[in-house]
Structures are given as structure tokens and as C-alpha cells.
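Me: I'd like to go through this one by asking why each label applies. Can we take it step by step?

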Protein chains: 2
Amino acid sequence: MADVMPSTRHFTITPLSGGITAPTGFRAAAVHCGIKATAGALDLAVLAVDTFASMAALFTTNLAQAAPVLVSKRHLEVNGGVGCAIVVNSGCANACTGSNGLANAARMADETALDLGCQPEQVLVASTGVIGVGLQMDRLVPGIHEACSSLAHGNAGDAARAIMTTDPFPKEHAVRVETSRGSFAVGGMAKGSGMIEPNMATMLGFLTTDARVTPALLQRALRESARDTFNAITVDGECSTNDSLFAMASGTSGIVIDEERYPALLEGFLAASRELALGIVRGGEGATKLIAVTVRRARTGDDARQVARTIANSPLVKTAVHGADPNWGRIVAAAGRSGVVFDIGRLTVHLGGILLFENGLPHDEAAPKAAEILKGDTVDIEVHLGAGDAAATIWGCDLSAEYVRINGEYRT
Amino acid sequence: MADVMPSTRHFTITPLSGGITAPTGFRAAAVHCGIKATAGALDLAVLAVDTFASMAALFTTNLAQAAPVLVSKRHLEVNGGVGCAIVVNSGCANACTGSNGLANAARMADETALDLGCQPEQVLVASTGVIGVGLQMDRLVPGIHEACSSLAHGNAGDAARAIMTTDPFPKEHAVRVETSRGSFAVGGMAKGSGMIEPNMATMLGFLTTDARVTPALLQRALRESARDTFNAITVDGECSTNDSLFAMASGTSGIVIDEERYPALLEGFLAASRELALGIVRGGEGATKLIAVTVRRARTGDDARQVARTIANSPLVKTAVHGADPNWGRIVAAAGRSGVVFDIGRLTVHLGGILLFENGLPHDEAAPKAAEILKGDTVDIEVHLGAGDAAATIWGCDLSAEYVRINGEYRT
């Protein structure tokens with residue numbers, strides 16, 4: 001994170017309640033329209049701005065892109081980064097559904113725009129759930145109308161629940177950013193919870209702010225904050241067809257974000273996104289422990305990220321952490337196969353702050369102490385490459401038998 | 001495999017008993033020297049040639065290379081590809097053991113050479129087991145002398161058992177290659193069983209032949225056969241500090257392998273290696289099913305291998321197969337994130353011979369039939385990219401709760 005922190009801060013950040021509608025100018029609604037089989041389970045949310053908002057988005061890098069991703073990309077091209085709402089359903093991903101799927105995703109935007117009095121292209125679309133199944137439009141369309149007629153400032157919590165699939169808990173967070181010339185808010189919600197990494201895997205994330213930002217600067221803040229938050233987490237190295245991260249800026253706080261105040265917006269986005277991203281990892285399928293892998297003294301930030309990601313994704317490291325086994329050998333082996341070149345004789349590994357491997361040799365006498373620390377629900381792995389000054393952190397989780405159970409039974 | 005099969009075969013291949021000592025000119029011995037705690041558990045093997053043999057080897061690409069790997073590489077440089085024996089222990093990897101470890105690995109060769117009457121550099125060394133622990137030389141050295149004094153043609157089975165760690169069964173195989181001008185044999189043994197892929201992961205493999213081959217041609221046959229066998233398998237995407245694959249050619253059959261007869265040697269190596277490699281996957285930690293992922297109609301063989309490997313390593317695909325869930329969506333998503341560019345609208349997926357996805361759209365009516373086939377212990381996944389004529393197969397296994405149990409408890 002260090003490389004994006006400004007050296008001098010002219011602002012303070014404090015937590016705020018209210019989630020996605022904590023910033024002024026936004027309303028949300030969530031309903032059960034019947035895509036999810038469970039009676040009453042929220043499965044449709046609309047997030048709308050009172051007037052118009054700058055919009056930005058990042059999408060999955062998977063070649064197999066779901067219909068809502070393709071439609072949202074096209075709408076952003078047409079609307080020039082100015083829109084009025086996002087409509088999102090859970091329970092069905094509308095992925096691998098061909099031209100029918102594209103028509104259905106476009107219709108989700110159409111129906112929302114109709115109710116809100118804007119252009120269809122000013123509405124973005126997201127879906128999450130089972131792949132290869134068509135949307136039940138006879139249920140979804142009435143649901144959209146019901147949601148659009150119940151938009152309110154207080155519905156953020158319901159919206160955060162409506163986007164969940166196998167998530168064990170909803171994820172929302174908001175912060176207030178105080179600058180010398182006034183304050184603005186950043187709100188957010190997200191869902192996981194398998195297929196996380198790299199670059200947006202079945203993850204949906206939504207950020208709102210009442211700062212006034214151009215679409216270009218909003219896109220930059222989204223990209224730069226995602227690098228060290230949503231794109232710095234991994235549950236199982238998978239990457240899905242539907243991953244999307246959206247940002248909307250209402251401008252209603254009156255605070256204008258220019259180049260000078262950009263660091264304040266970025267820090268606000270980082271603060272909200274970090275909390276949401278860590279929530280996704282903590283709620284990872286079958287996860288019992290959060291693993292923070294920090295690589296320091298790397299030649300470049302990319303090198304640090306690559307080594308950290310390889311360690312965080314290693315099944316052998318993940319199972320060792322699950323079993324509270326201070327197995328530095330697996331960490332060394334994962335670093336060694338990461339593709340990054342370094343001198344193994346200068347490699348150092350700390351587990352939970354305990355030095356276990358130094359300059360190519362183990363400190364096994366410290367293993368029992370490290371094993372104790374590994375019993376906690378957060379595990380810090382720190383690796384020094386001895387090759388430079390760059391650093392990066394990747395957050396992952398342990399691999400449990402529960403992950404196998406969830407994913408062996410999810411669809412059938 | 002298709003791209004290495006000669007169009008016209010001038011030879012036949014038949015299975016042979018006798019494992020690593022099936023080819024003439026080789027003797028083996030295995031003893032319990034005490035590196036493994038269990039009383040009587042074989043943990044040291046010596047494989048020797050009656051006179052001298054051409055030698056070749058492939059080693060782990062991990063930056064963290066164990067002492068036996070470093071010593072064997074040096075010996076191969078010095079001996080010019082002519083040697084007399086390989087000494088190997090299980091139970092201790094002699095990895096991350098610094099200069100002491102290097103001295104111990106070199107001494108394993110010294111003691112073996114002393115008994116066999118050759119130069120230390122004519123002996124190669126391999127170790128497998130726990131990382132970061134020193135070899136108990138007071139047990140190992142007497143073990144080497146005991147083994148060297150009991151070398152015999154009939155000990156191949158014991159040698160295959162002596163190299164096992166968490167392997168559930170020993171892996172050995174031999175074939176006879178009949179050519180128009182006489183026959184030769186190829187024998188082999190290998191151990192897995194976690195950390196398999198890519199490019200030699202805690203795997204030890206040994207091939208012998210009584211054909212007469214130059215070290216250069218032997219190295220080529222080893223490299224080319226490994227590409228589609230030992231390097232085409234994956235258990236968990238890990239790659240270890242000790243992986244080594246060795247080949248020795250005694251020449252005692254009198255059959256000289258020149259460029260013209262090279263295809264016969266390659267096919268012999270492929271036949272023996274394929275059997276050993278599939279044994280490693282079948283014996284993968286916690287594996288209950290063998291998964292053969294074949295990618296066809298790719299632009300290049302490298303593209304085909306990359307897509308197949310991504311699918312075979314996907315935790316979501318592996319858990320779906322474990323649960324007998326015909327989840328083609330996870331296969332499509334894994335192909336889409338593999339980094340290989342193709343048109344998703346031309347993608348086709350067969351599971352167990354059943355067409356489940358064609359040109360971007362699902363055939364879900366076939367899912368129940370595919371689910372039945374998935375209950376077997378071998379699962380064929382076939383993906384067509386619609387981009388060219390190249391093909392490749394990667395073998396993997398399912399991911400079970402047992403994998404988590406084994407790897408969460410291995411070291412402690």
C-alpha cells in the first residue's frame with residue numbers, strides 16, 4: 001500500500017454508517033422477485049442517483065464475459081461516463097446465455113430507465129449466480145418496477161444482502177473524508193465469495209461518493225484503489241465471467257475533486273474498498289483464517305505482488321495455515337516457483353512476526369511459538385527478497401475441507 | 001501426444017515385468033537406514049549399472065533448489081554424461097540446509113562411489129521428504145554401504161518402495177521395444193505425490209534402458225518424453241525444491257540408437273513415463289478420480305497445453321469433478337482466464353464424451369447423463385477452441401477434503 005500513500009495528508013478519514021447510501025444523492029432498494037428459490041430471499045437491487053452521476057467501472061478480464069458485463073461496457077461507451085442507476089440481480093449470472101442473454105440484460109436497463117426517467121444507456125447492469133441459465137424475465141421485470149418505486153436513502157443494508165450468493169454475511173462500508181475545504185463521503189457494498197482473483201473474479205463491488213469528480217478521474221481512482229484492495233485478494237485463484245466493480249459520484253457534497261484533491265478521493269476509495277475486500281476474503285468459501293502475505297525488499301512492486309500472490313494461492317501454504325503448521329518450507333518453495341528472480345540465500349520468512357527462515361537457513365527452534373500464533377484467525381506471512389525496496393500485500397484465506405464440500409455440491 | 005508420434009512405426013512396444021532393472025546391465029538395492037521413523041520402512045535405494053552408463057537428467061525449475069539437485073547438476077557437468085549409479089533417500093529432502101546440506105549430498109555420492117569403485121562425480125544424488133532438516137549421516141552412510149553390498153537384478157520393487165513419501169502405492173513400469181534390428185528394454189520407477197507441476201514438482205523419476213545411446217540423445221529423449229508425461233500432470237500446481245528425473249542407458253542390449261532409431265527410444269520412454277506419470281496422479285494426495293483434460297483445435301500446442309493446465313488446476317473444476325457435478329460453466333470460466341485468446345462463441349466442451357456446451361451455448365438437457373459418467377474413477381474433459389489444429393492432454397486429479405487433511409497435518 002505504501003506506494004500509493006501520499007507523503008503528506010491534508011485530510012482525515014473516519015468510518016461512517018449508511019453503506020452505499022451514506023454519501024448524499026443516492027437511493028437504493030432491494031426486493032425478492034423470485035430468481036432465488038428461497039421465499040423472501042432478496043435477489044434484486046437498484047442503486048440510483050437523485051439526478052445524474054459520473055460513472056466508472058472495471059470488468060472481468062475473463063474471455064467468457066457475461067451478458068450484463070457486455071451490456072454495461074457498451075452503455076458506458078455510449079453514455080460518456082454519465083448515468084443514473086445500476087440494476088443488479090443475484091441467483092442467476094446470465095452468463096453463457098447467447099443473444100437471448102444479451103437481450104435480457106439490455107431489457108433490465110430498459111425497464112429501470114423507464115421507471116427512473118432516463119436513457120437505457122444511463123443504466124448499468126450486473127448479475128451473479130449460476131452460469132448458463134437464462135433470466136426469468138417474467139419475475140425480474142415486475143421486481144425492477146417494485147424496486148424502482150421503493151427507492152430510499154435507508155435501504156443500503158437490504159441492497160448489500162440482495163447481491164449475496166454463497167456469501168456468509170453482507171459486506172458494506174462507508175467513510176467520511178474531511179479535507180481543509182469541506183468533507184465528502186464514500187460508501188460501498190460488495191459480494192464474494194469464491195472465484196476471487198485475479199482482477200475481479202465473481203465479485204461485484206459498488207462504490208458511491210458525493211464528491212464532484214469527472215468520469216476520467218473517477219475511473220482512475222477506481223483503478224488505482226482496486227489494485228491494492230479488490231485486486232489484491234484471492235480466495236482460490238479463479239476469475240469469473242461476471243466480475244464487475246462500479247463507482248458513481250453524485251457531486252452533491254459540492255466538494256470538487258481536482259488533481260490536487262485527488263489523493264483524498266483515492267484514500268477514501270482505498271479505505272472503503274479495503275474493508276469490503278477483506279470482508280470478501282474473511283467470507284471466502286470455507287475460510288477460517290485471513291492470511292496477509294506481505295513481500296518486502298522486492299526489486300519492483302510487480303515482483304512483490306507476484307511472489308505474494310503465488311504464496312497466497314499455494315494450496316500447500318493454505319492447508320498448512322489451516323492446520324496451524326508453521327511450514328516455512330512451503331512458503332520458500334512457493335516463492336521459488338513464482339517466476340520472480342531473487343537470491344534464495346538472501347530470503348527471509350516471518351510467520352506471525354516470528355523469524356523462521358533467514359538467508360537460506362531455517363530457525364526451527366522458533367517453530368512452536370509460530371504454531372501458537374497460527375491458531376488465531378488472522379495470519380501474517382512476511383517475506384523479504386533482499387532485492388530492492390518495493391513491497392506489496394496480498395490477502396488470502398486458508399483452504400479447508402468445507403471449501404471442497406461447498407464447491408462439490410454448489411450446483412447439483 | 002499426437003505431435004510426437006511418428007507417422008510410421010517400425011517397432012512395437014509391449015509391457016515387461018521387472019521395473020527399473022528390467023533392462024539388462026542394472027542392479028538395485030533398498031534398505032531401511034533409519035531416516036524414516038517407522039521400523040523397517042525402506043528409505044534408501046541405490047541404482048547401479050554393471051559397468052558405465054550414459055546419463056541424463058531434468059531438474060526442478062524452482063529457484064530454491066535442494067542440495068542433491070545442486071550436487072547432481074555439478075556431477076553431470078563434470079562426468080560428461082557418463083556415470084555408474086544414483087543414490088536416493090526418502091524421509092528427508094536435504095533442502096534449505098545450507099553448506100552442511102551440500103556437504104552431506106556430496107558425501108552420499110562419495111560413499112557410493114567408494115563401494116562401487118568409480119569417481120564420486122559418476123554418482124548422482126536425490127532426496128525427498130521434509131524440507132529444512134539435515135540428513136542423519138550416521139544412519140545414512142552405513143545404509144549406503146549395506147545397499148551397495150546387496151545390489152541385485154531383482155530388487156526393483158523394493159527400490160520403488162524406498163523412494164515413497166506420502167505415495168499410497170509404489171510406481172514402476174517397464175516395456176520392451178522391438179525394432180526390425182533387435183529389441184531393447186526401458187524400465188522406470190517414480191514417486192509423487194503432492195506438489196506435482198509444473199516442470200518436475202516433488203517428483204522423483206528414474207528411467208533405465210539397455211539401448212546404446214549418447215548422453216546428448218538420451219537427454220533429448222528424456223526432455224521430449226517428459227513434456228507429454230511427467231510435465232503433463234498436475235496434482236496441485238505446486239513445484240518443489242527436489243524434483244528430478246534421471247535416465248541411464250547401459251548399452252548392454254547392443255542396439256544402437258541413432259537419429260533413425262530415435263523414435264523407437266522416444267516411444268519407449270513415453271510408454272514407460274506415461275504409466276508412471278498417471279500412477280503419480282492416481283496416487284495424488286487425496287485423489288479419488290483421474291481427470292484427463294484434452295484441448296483440441298488450438299492455434300498452437302503451447303496454447304492447448306496452457307488452457308488444459310488451467311482447467312486441470314482449477315479448484316472449482318476439481319471440486320466439481322469430486323462431487324460428480326457436470327459443471328461446464330467452471331470449465332468455460334477456467335478456459336477464459338487461461339490467458340490464451342480464442343472466440344468463446346466457437347468453444348465446445350465435452351464431459352465424459354457428452355456434449356455440454358457448443359458455440360457459446362449450453363446443452364443442459366445432457367447434464368444428467370454426464371453426471372452419471374462423472375461417478376467413474378476416470379473423467380475425460382475435452383475442450384475445442386476452434387482456433388487451429390493443435391492438441392494437448394494434461395492429466396490431473398480431483399480435490400478432496402482428504403487433500404486438505406493430509407496437507408494440514410503432514411509436518412506437525
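Me: Which hand does the crossing of H8(B) and H9(B) have?
Reply: It's a left-handed crossing, with H8(B) passing H9(B). Keep in mind that this is a predicted model.

Me: Why is H8(B) called roughly antiparallel to H9(B)?
Reply: H8(B), residues 315–322, and H9(B), residues 328–336, pack at an angle of about 160 degrees. Angles over 145 count as roughly antiparallel, so the label fits H8(B) and H9(B). Their axes are 9 Å apart.

Me: Which residues make that contact between H8(B) and H9(B)?
Reply: From H8(B) come Leu316(B), Val317(B) and Ala320(B), and they meet Arg330(B), Ile331(B) and Ala334(B) of H9(B). By class, the contact of H8(B) with H9(B) has five nonpolar residues, one charged and no polar ones.

Me: What makes H5(A) and H6(A) oblique to each other?
Reply: The axes of H5(A), residues 215–227, and H6(A), residues 262–282, cross at roughly 45 degrees. Under 35 would be roughly parallel, and 65 to 115 roughly perpendicular. The angle falls in neither range and isn't over 145, so H5(A) and H6(A) are oblique. Those axes come within 9 Å, and H5(A) passes H6(A) in a right-handed crossing.

Me: What does the contact of H5(A) with H6(A) consist of, by class?
Reply: It divides into nine nonpolar, two polar and one charged. Among the residues on the H5(A) side are Leu217(A), Leu222(A) and Glu224(A), while the H6(A) side includes Tyr262(A), Leu265(A) and Phe269(A).

Me: How do you know that Ile257(A) is buried?
Reply: Count the neighbours: Ile257(A) has 26 other C-beta atoms within 10 Å. The cut-off is 20 or more, so Ile257(A) counts as buried. Ile257(A) is found in the loop between strand E9 (244–249) and H6 of chain A.

Me: What does Ile257(A) touch, leaving out residues up to four places away in sequence?
Reply: Its contacts are Ala211(A), Arg212(A), Val213(A), Leu217(A), Tyr262(A) and Leu265(A). Ile257(A) and Leu217(A) are 40 residues apart in sequence, yet 8.2 Å apart in space, C-alpha to C-alpha.

Me: Why is H7(B) called largely enclosed?
Reply: Because 10 of its 13 residues are buried, H7(B) is largely enclosed by the rest of the structure. The buried ones include Asp303(B), Val307(B) and Ile311(B). What covers the buried residues of H7(B) includes strand E10 (290–298), H8, H9, strand E14 (378–384) and strand E15 (390–397) of chain B.

Me: How does the reach of H7(B) compare with what is expected at 1.5 Å a residue?
Reply: From its first C-alpha to its last, H7(B), residues 301–313, reaches 18 Å, close to the 18 Å expected.

Me: And what makes H8(A) largely enclosed?
Reply: Eight of the eight residues of H8(A) are buried, so H8(A) is largely enclosed by the rest of the structure. Lys318(A) and His322(A) are among them. Just after H8(A), Ala324(A) takes a positive phi of about 55 degrees.

Me: How many residues does each chain put into the contact between the chains?
Reply: Chain B gives 45 residues and chain A gives 44 residues. H11(B), residues 401–409, gives the most to the side of chain B that touches chain A, with six residues. By class, that side of chain B has 18 nonpolar, 19 polar and eight charged residues.

Notes: Residues numbered from 1 in each chain as written. Chains lettered and ligands numbered in written order. Predicted model: local features only at pLDDT ≥ 70, side-chain atom pairs only at ≥ 80, totals over all residues. Axes fitted to C-alpha atoms, helices over the stretch in contact; angles between N-to-C directions. Helix = DSSP H or I, 4+ residues; strand = E, 2+ residues; numbered from the N terminus. Left-handed = near helix turned anticlockwise from the far one by under 90°. Contact = placed C-beta atoms within 7 Å. Nonpolar A, V, L, I, M, F, W, Y, C, P; charged D, E, K, R; others polar. Expected span 1.5 Å × (residues − 1). Buried ≥ 20, exposed ≤ 12 C-beta atoms within 10 Å, placed from the backbone.
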